[in-house]
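Hi everyone, thanks for coming. I'd like to walk you through a structure today, so please have a look at the screen.

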Amino acid sequence: MAVEEKRAWIMIVVTVVSYAVYLALVLGRSGDGPIAEEPYAAALLWTVGSAIAASILLHITVALLSPEEGRIKDQRDREIHHFGDHIGQSFVVVGGVAGLVLAMAEADRFWIANAIYLAFVLSALLGSAAKIFAYRTGFQPW
């Protein structure tokens with residue numbers, strides 16, 4: 001398995017775990033009142049920060065444990081990386097537009113922040129899934 005494919009798997013696992021922890025924290029606190037009034041900012045910042053730190057540590061670990069010849073990126077690896085990033089970026093745009101629409105509709109900051117966070121999560125998942133799919137089924141550049 002190529003190091004870049006391992007990195008895509010790391011991104012999927014870290015993203016799913018961190019978002020699940022965030023949802024558990026926010027939804028676990030929700031009482032009888034509206035969910036938008038629950039504190040969410042600290043949970044969001046801690047889960048995003050922890051996901052970034054975990055991802056960095058896992059990427060370093062994979063790089064150190066991989067054989068020397070497995071760490072070399074060839075043209076195919078670079079094209080698959082760009083392919084996955086371009087696909088994943090579509091959700092960043094969708095999240096930005098959703099945030100703008102929610103802001104113009106004067107939605108609560110909770111919903112704006114969560115729409116953008118969800119877009120980042122979906123972007124990471126879709127981009128990583130596209131990379132894994134390209135590695136597993138073959139990649140034909142346009």
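I'll begin with the overall layout, then go through the helices, and finish with a few single residues.

One thing up front: this is a predicted model. The protein has 4 helices and 0 strands, so reading from the N terminus you get α-α-α-α. Along its principal axes, the C-alpha trace spans about 55 × 35 × 20 Å. There are 142 residues in the protein, and 32% of them are buried. How much of the contact map joins residues at least 24 apart, if we take contacts between residues at least 6 apart in sequence? The figure is 78%.

Let's start with helix 1, which covers residues 3–29. Its 27 residues should span 39 Å at 1.5 Å a residue, and the end C-alpha atoms are indeed 39 Å apart, so the two values agree. Which residues of helix 1 are buried? They are Val-3, Glu-4, Glu-5, Ala-8, Ile-10, Ile-12, Val-14, Thr-15, Ser-18, Tyr-19, Tyr-22 and Val-26. The cover over these buried residues includes helix 2, helix 3 and helix 4.

You may have spotted glutamates in that list, so let me stop at one. Glu-4 lies in helix 1. Is Glu-4 buried or exposed? Its relative accessible area is 12%, and because the cut-off for buried is under 20%, Glu-4 counts as buried. Setting aside neighbours within four places in sequence, Glu-4 touches Lys-73, Asp-77, His-81 and Tyr-135.

Now on to helix 2, residues 41–65. Here we have 25 residues, which should span 36 Å at 1.5 Å each, and the end C-alpha atoms are 36 Å apart, so again expectation and model agree. The buried residues of helix 2 are Ala-43, Leu-44, Thr-47, Ala-51, Ser-55, His-59 and Val-62. What do they pack against? Their partners are helix 1 and helix 4, the latter being residues 109–137.

How do helix 1 and helix 2 sit against each other? Their axes come within 9 Å and cross at roughly 160 degrees. Angles over 145 degrees count as roughly antiparallel, so helix 1 is roughly antiparallel to helix 2. The crossing of helix 1 and helix 2 is right-handed. On the helix 1 side, the contact is made by Val-3, Lys-6, Arg-7, Ile-10, Val-14, Ser-18, Val-21, Tyr-22, Leu-25, Val-26 and Arg-29. On the helix 2 side, you'll find Ala-43, Leu-44, Thr-47, Ala-51, Ser-55, Leu-58, His-59, Val-62 and Ala-63. Sorted by class, the residues of this contact are 13 nonpolar, 4 polar and 3 charged.

If you'd like one residue to picture in that contact, try Ser-55, which is found in helix 2. Ser-55 has 10% relative accessibility and so counts as buried. Leaving out neighbours within four places in sequence, Ser-55 is in contact with Ile-10 and Val-14.

Helix 1 also packs with helix 4, at an angle of about 155 degrees and with the axes 9 Å apart. That angle makes helix 1 roughly antiparallel to helix 4 as well. The crossing of helix 1 and helix 4 is left-handed. By class, this contact has 17 nonpolar, 4 polar and 4 charged residues.

Next, the region where helix 3 ends and helix 4 begins. Leu-102 has its place in helix 3. With a relative accessible area of 25%, Leu-102 is partly exposed. Apart from neighbours within four places in sequence, Leu-102 contacts Ala-107, Trp-111, Ile-112 and Ala-115. The C-alpha atoms of Leu-102 and Glu-37 are separated by 16 Å, with their positions 65 residues apart along the chain.

My last stop is Glu-106, in the loop between helix 3, residues 75–104, and helix 4. What is phi of Glu-106? The value is near 60 degrees, which is positive, and this residue is not a glycine. For background, most residues other than glycine have a negative phi. Glu-106 has 71% relative accessibility, so it counts as exposed.

That's my tour, and I'm happy to take questions.

Note on methods
Residues are numbered from 1 along each chain as its sequence is written. This is a predicted model: local features need pLDDT of at least 70, side-chain atom pairs count only at pLDDT 80 or more; totals for chains, interfaces and linings use all residues. Side-chain values use heavy atoms; hydrogens and water are left out. Helices (H or I, at least four residues) and strands (E, at least two) are DSSP runs, numbered from the N terminus. The expected span of a helix is 1.5 Å times one less than its number of residues. Buried means under 20% relative accessible area, exposed over 50%, partly exposed in between (1.4 Å probe, protein chains only). Contact means heavy atoms within 4.5 Å. Axes are lines fitted to C-alpha atoms, for helices over the stretch in contact, and angles run from 0 to 180 degrees between N-to-C directions. Angles under 35 degrees count as roughly parallel, over 145 as roughly antiparallel, 65 to 115 as roughly perpendicular and the rest as oblique. A crossing is left-handed if the near helix is turned anticlockwise from the far one by less than a right angle, and right-handed if clockwise. Ala, Val, Leu, Ile, Met, Phe, Trp, Tyr, Cys and Pro count as nonpolar, Asp, Glu, Lys and Arg as charged, and the others, Gly among them, as polar.
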